[in-house]
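Reader: I would like a close look at the aromatic pairs here, with the rings, their places in the chain and their exposure taken together. Please go through them in one connected account.

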Amino acid sequence: MRLSPRRRRRIAQVAGYLVFALVIAVVVAAADWGRLSEAFFRLDIARSMFPGAITVALRNTIVYTLLAFVFGLTLGLILALMRLSSIPPYRWFATAYIELFRGLPALLVLFMVGYGVPLAFPDREIPGGLYGSVAVGLGLTAAAYMAETIRAGIQAVPKGQLEAARTLGMSHTRAMISIVLPQAFRIVIPPLTNEIILLTKDTSLVYVLGVTATTIELTKFAGDTLNTRVNPTPLVVAGLLYLLITLPMSQLVRGLERRAGRER
């Protein structure tokens, strides 16, 4: 008997579930749960990390993320407008910047901001100390990606709206600020939210700038505890705290994307 395409898809789906369940069952049966618990889930070590993991490490991770995002968003908006400018030197500069910083590792940029700039200009320092250096170091790289995102959002706004605003007597700048940019940002909210998630994970690089007990972030905090207790449980705790930030953000992105899809 010849099976219909729908029937074949149904059988393939059931087979996929069965294979997945079999693999899980084999892993559960073969795992040494006692050893895994001793290695990764020591509750006494996990308890010893609190409240510092929340009040210091997690707080600093969030602060670093927000500072870098604000810096990157501001610079990214400027670069996006320069990229769309009718003045060629502005476009050339914005294009060169975006290509440069999208091609450089964030760690290298942090090193340059944290060590290269102070060595080149010993009589000057970035305002805000370590927090300022993190905002600039991570924000410079993030700005390159945000600029392209914002540029795409601006170009997605129908040109007729800008032209209509101009016919009403608005200047190009006023029309851009009042009409185009609000719609563009509404379009690019999901990818910008993804950028916050990426920046949250990039804060794990901040340790290279030399953090103290009051400026430590999650990854360094977990690494120091691991070295002290000689057990990987702190890494699991740090991972869960990162997920505490990133999972709600991911859900927000999916919700915004579904809403945008319905509005289309």
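Author: What follows describes aromatic pairs in this predicted model, and then turns to a nonpolar patch on the surface.

A search of the whole structure finds three aromatic pairs, among them the one formed by Y64 and Y131. The centres of these two rings are 5.2 Å apart and their planes meet at 40°, so the pair counts as tilted, since that word covers angles that are neither under 30 degrees nor over 60. The pair links distant parts of the chain, with Y64 in helix α4 (residues 52-83) and Y131 in helix α7 (residues 129-156), 67 residues apart. Y64 has a relative accessible area of 0% and is therefore buried, whereas Y131, at 26% relative accessibility, is partly exposed.

Another tilted pair is made by F111 and Y115, with 5.8 Å from centre to centre and 35° between the planes. Both residues belong to helix α6 (residues 106-120), where they are four residues apart, about one turn of the helix. F111 is partly exposed, with a relative accessible area of 36%, and Y115 is likewise partly exposed, at 36%.

Aromatic side chains also take part in a nonpolar surface patch of about 700 Å², whose members are F20, I24, V28, W33, L36, F40 and F41. Helices α1 (5-30) and α2 (33-40) each supply at least two residues of this patch, and W33 has its place in helix α2.

Notes: Residues numbered from 1 in each chain as written. Predicted model: local features only at pLDDT ≥ 70, side-chain atom pairs only at ≥ 80, totals over all residues. Heavy atoms only, no water. Phe/Tyr/Trp six-rings, centres within 6.5 Å; stacked < 30°, edge-to-face > 60°. Buried < 20%, exposed > 50% of the residue type's maximum accessible area, 1.4 Å probe, protein only. Patch = residues over 30% accessible without salt bridge, like charges linked within 9 Å, V, L, I, M, F, W, Y side chains within 5 Å. Areas by Shrake-Rupley, 256 points an atom, 1.4 Å probe, with all protein chains shown as cover. Salt bridge = Lys/Arg side-chain N within 4 Å of Asp/Glu carboxyl O.
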